[in-house]
Amino acid sequence: MNRFFLILCSFFFAVLMLNSCYYDVEEELYYEIEEELYQDVLENIADCDTLMVQYTLNILPIIDQHCFPCHSLETAFANVVVEPYNGLKNYVDNGELLCVLNHQSGCSPMPKNAAKLTDCELAKIEKWIDDGAQNN
Ligand code: HEC
């Protein structure tokens with residue numbers, strides 16, 4: 001009887017130990033995932049600030065670098081001119097800017113024969129448009 005009781009006790013004890021061990025691993029895992037998410041958020045804030053997006057400060061440099069080689073007043077490939085502000089605004093209003101930048105169907109993907117703009121550049125342009133695509 002005594003021995004049986006002992007075996008029963010050790011069995012429960014073993015189950016208890018296993019259980020707590022399992023929870024430890026789980027908690028550790030959650031902690032790591034949380035920390036990763038936190039790092040992502042921090043990196044995002046550091047690398048891609050979309051809080052205050054202005055035409056002159058943030059949008060013009062992107063368009064200058066990626067689009068002016070073919071769509072400035074001088075180059076005007078395919079008669080598309082995305083300067084000055086009004087030139088670009090036309091393509092915002094008719095939806096073509098986001099269409100070409102996001103490589104949607106129904107328009108030519110831009111910049112032509114080059115990589116898509118980075119997520120951060122696209123996020124800034126989208127934020128600027130969401131804010132009313134102002135000439136600021
Ligand atoms: C290497 C030259 C080149 C660059 C760089 C370039 N484009 Fe184009 N783009 C063209 C050509 C050529 C066309 C005419 C359509 C075609 O051939 O695909 C065009 C067409 C367009 C059109 C008309 C839409 C359509 O479907 O034809 C828009 C809008 C446009 N480009 C915007 C942009 C923007 C915005 C950028 C910068 C992110 C850009 N392009 C960069 C060459 C370029």
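What arrangement do the six donor atoms around the iron atom of the ligand form? The arrangement is octahedral, because these six donor atoms subtend angles of 84 to 177°. In this predicted model, two of the donors come from the protein, namely His71 (NE2) and Met110 (SD). The ligand itself sits in the largest pocket.

**The iron site**

- The protein donors His71 (NE2) and Met110 (SD) lie 2.0 to 2.3 Å from the iron atom of the ligand.
- Histidine 71 belongs to helix H3 (residues 68–71), while methionine 110 lies in the loop between helix H5 (96–101) and helix H6 (119–130), so the two residues tie together parts that are 39 residues apart in sequence.
- Both histidine 71 and methionine 110 are buried.

**The shell around the ligand**

- The ligand is surrounded by 16 residues, of which Cys67, Cys70, His71, Met110 and Lys112 come nearest.
- Helices H3 and H5 each contribute at least two residues to this shell.
- Helix H5 provides the largest share of the shell, with four residues.

**Polar contacts with the ligand**

- Histidine 71, which is also a donor to the iron atom, has a polar side-chain atom 2.7 Å from a nitrogen atom of the ligand.
- Lysine 112 places a polar side-chain atom 2.8 Å from an oxygen atom of the ligand.
- Serine 108 approaches through its backbone, with an N or O atom 2.9 Å from an oxygen atom of the ligand.

Definitions and conventions. Residues numbered from 1 in each chain as written. Predicted model: local features only at pLDDT ≥ 70, side-chain atom pairs only at ≥ 80, totals over all residues. Heavy atoms only, no water. Donors = N, O, S within 2.8 Å, 3.2 Å for Na, K, Ca; no water. Tetrahedral: all angles 85-135°; square planar, octahedral: opposite > 155°, others 65-115°. Buried < 20%, exposed > 50% of the residue type's maximum accessible area, 1.4 Å probe, protein only. Near = heavy atom within 4 Å. Polar contact = N/O pair within 3.5 Å; in protein donor to acceptor, adjacent residues only side chain to side chain. 1 Å grid on protein atoms, 1.4 Å probe; cavity = no way out; pocket = protein on both sides within 12 Å on 5 of 7 lines; lining within 4 Å. Sits in = over half its atoms within 2 Å of the grid points.
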